[in-house]
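Me: I am new to this structure and would like to understand the words people use for it. Could you take me through them, with the reasoning behind each one?

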Amino acid sequence: MNIPNYQLSMNRDKQVYICGPITGVPNLNAEAFRDVETKLRDLGYMPVVPHDLFEDVDDKSMEYDNYIEGCVSALALCPIIILLQGWENSRGCNIEVNIGRIMSKKIIPIWNLEKELGKQNVIVNAEAKGY
């Protein structure tokens with residue numbers, strides 16, 4: 001397993017794994033991930049975006065299982081998982097959510113982010129865009 005492009009912080013209580021569909025989504029769903037990443041950073045959190053875990057998230061020479069292993073390794077270090085719209089239709093997201101449940105992670109759907117983090121206007125564009 002190789003996670004070359006991401007350094008996870010020692011301040012783990014602020015790390016948040018963003019879980020959303022990538023495979024089969026136009027542009028690998030990058031806009032949705034980046035919008036939520038920005039909002040979480042603005043709130044003082046350290047988002048972990050699957051796209052940043054690998055040198056090339058769309059590298060066809062890498063096996064699907066290798067991507068999942070890398071993502072699960074990063075997810076394991078985050079106490080919070082944010083679910084983007086459509087996660088339930090993604091094989092990888094279902095794996096991540098099941099592992100998150102087993103590990104007792106706090107799992108927050110994007111539409112509950114504001115309520116769960118106690119901040120106003122957290123998901124201004126994310127909810128409107130359907131993330």
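**Helix H3 and its surroundings**

Me: What covers the buried residues of H3?

Reply: Strands and a helix take part: the cover includes strand E1 (15-19), helix H2 (64-75), strand E3 (80-83) and strand E4 (106-109). Please keep in mind that this is a predicted model.

Me: Which residues of H3 are buried, and what makes them line one face of the helix?

Reply: The buried ones are Gly92, Cys93, Glu96, Val97 and Gly100. Looking down the axis of H3, you find these buried residues within an arc of 130 degrees, so they line one face. On the other side of H3, the exposed residues are Arg91, Arg101 and Ile102.

Me: How do you know whether the length of H3 fits what is expected?

Reply: H3 covers residues 91-102, which is twelve residues. At 1.5 Å a residue, 16 Å is expected, and the distance from its first C-alpha to its last is 17 Å, which is close. After H3 comes Ser104, with a positive phi near 60 degrees.

Me: And what span should H1 have?

Reply: Helix H1 (residues 30-42) has 13 residues, so at 1.5 Å a residue it should span 18 Å. Its end C-alpha atoms are 18 Å apart, so the two values agree. In H1, the buried residues are Ala32, Phe33, Asp35, Val36, Glu37, Lys39 and Leu40.

**Buried, exposed or in between**

Me: Why is Ile99 called partly exposed?

Reply: Buried needs a value under 20% and exposed one over 50%, with partly exposed in between. Ile99 has 24% relative accessibility, so it counts as partly exposed. Ile99 has its place in helix H3. Setting aside neighbours within four places in sequence, Ile99 is in contact with Val72 and Leu75.

Me: What makes His51 count as buried?

Reply: Its relative accessibility is 11%, and the cut-off for buried is under 20%. Therefore His51 counts as buried. His51 sits in the loop between strand E2 (46-48) and H2. Its side chain reaches the backbone oxygen of Leu28 at 2.7 Å. Among the residues that His51 touches are Ile22, Phe33 and Val57.

**Cysteines and rings**

Me: How do you know whether Cys71 is in a disulfide?

Reply: A search of the whole structure finds zero disulfides. For Cys71, the nearest cysteine sulfur is that of Cys19, 8.9 Å away, while a disulfide needs the sulfur atoms within 2.5 Å. Cys71 is therefore in no disulfide.

Me: Are Cys71 and Cys78 buried or exposed?

Reply: The cut-off for buried is under 20%. Cys71 has a relative accessible area of 7%, so it is buried. Cys78 has 0%, so Cys78 is buried too.

Me: Why is the pair of Phe54 and Tyr67 called edge-to-face?

Reply: The rings are 4.8 Å apart, centre to centre, with 80 degrees between the planes. Aromatic rings pair if their centres lie within 6.5 Å, and planes over 60 degrees apart count as edge-to-face. The pair therefore meets both conditions. The structure holds one aromatic pair.

Me: What does this pair tie together?

Reply: Phe54 lies in the loop between E2 and H2, and Tyr67 in helix H2, so the pair ties together parts that are 13 residues apart in sequence. Phe54 and Tyr67 are both buried.

Definitions and conventions:
Residues are numbered from 1 along each chain as its sequence is written. This is a predicted model: local features need pLDDT of at least 70, side-chain atom pairs count only at pLDDT 80 or more; totals for chains, interfaces and linings use all residues. Side-chain values use heavy atoms; hydrogens and water are left out. Helices (H or I, at least four residues) and strands (E, at least two) are DSSP runs, numbered from the N terminus. The expected span of a helix is 1.5 Å times one less than its number of residues. Buried means under 20% relative accessible area, exposed over 50%, partly exposed in between (1.4 Å probe, protein chains only). The arc is that of the directions from the helix axis to the C-beta atoms. Contact means heavy atoms within 4.5 Å. A polar contact is a pair of N or O atoms within 3.5 Å; within protein, one must be able to donate a hydrogen and the other to accept it, and residues adjacent in sequence count only if both atoms are side-chain atoms. Rings of Phe, Tyr and Trp (its six-membered ring) pair if their centres lie within 6.5 Å; planes under 30 degrees apart count as stacked, over 60 as edge-to-face and the rest as tilted.
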